[in-house]
Amino acid sequence: MRVERGEVSAEAVIIVPVVFLILLFGVQVATIFHAANIATAAAAQGAAAAAAMGGDAISGERVATMSVTELGGRLNSAPVVHVGADIVEVSVRINVPRIVPGFPSDVVRTVSEQRELFIEEADR
C-alpha cells in the first residue's frame, strides 16, 4: 500500500486562491452595482428638483450632491445639469472602490426629466 502524503496540501494550494478570486470578483461586482444604484437615485432626485416649478440647475446639482453624500457614495466630479426648455438632464459620476484590478473606477448615470409647466386655468 502506497501512502500519498501531502496530496491534500497540494490540492488546497490550488483551490484556495481560486475560491478567494471568485469571492473578490463577487464583492467587486456588488460594489459596482451599489455605486450604480446610488448614481441613479442621486441623478433622479437632482433631475426632479431641477424640473420642478421654480427649479434650476443649481438646485438640481445641490440635491444630487446631497443625495450621493446621504447614500454613502463619493462623487468623482460635480453633477452635470443641463436645463432645456422642456427637459432636464442630470449626470452623476460616482467613484467605485477597486478591489480587483481591471474593473471600472467610476460609474456614470444620466436621468432625464420633463419640466413642470404651469398652465393658467383660462388657458386649459
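**Group meeting: a spread-out α/β chain**

Buried residues account for 25% of the 124 residues in this protein. Buried here means under 20% relative accessible area. Keep in mind that this is a predicted model.

Start with the elements. There are two helices and three strands. From the N terminus the order is α-α-β-β-β. Now the overall shape. The radius of gyration is 24 Å, and the globule rule gives 14 Å for 124 residues, so the protein is more spread out than a compact globule. The C-alpha trace spans about 100 × 30 × 20 Å along the principal axes.

Next, contacts. Take pairs of residues at least 6 apart in sequence. Of those contacts, 55% join residues at least 24 apart.

On to the surface. The protein exposes about 8,400 Å². Carbon and sulfur atoms supply 62% of that area. For charges, we have 9 positive and 14 negative. Their mean positions lie 13 Å apart.

Now zoom in on the strands. How do β1 and β2 pair, parallel or antiparallel? They are antiparallel, with four bridges between them. Strand β1 covers residues 80–83, and strand β2 covers residues 87–95. What joins β1 to β2? A hairpin does, through three residues. For one position to look up on screen, take valine 80: it sits opposite serine 91 of β2.

One general point while you look at the strands. Side chains in a regular strand alternate between the two faces of the sheet.

To recap: the chain is more spread out than a compact globule, and β1 and β2 pair in the antiparallel sense.

Definitions and conventions. Residues numbered from 1 in each chain as written. Predicted model: local features only at pLDDT ≥ 70, side-chain atom pairs only at ≥ 80, totals over all residues. Heavy atoms only, no water. Rg over C-alpha atoms; globule rule 2.2 N^0.38 Å. Buried < 20%, exposed > 50% of the residue type's maximum accessible area, 1.4 Å probe, protein only. Contact = heavy atoms within 4.5 Å. Areas by Shrake-Rupley, 256 points an atom, 1.4 Å probe, with all protein chains shown as cover. Lys, Arg positive; Asp, Glu negative; His and termini not counted. Charge placed at Lys NZ, Arg CZ, Asp CG, Glu CD. Pairing = 2+ DSSP bridges.
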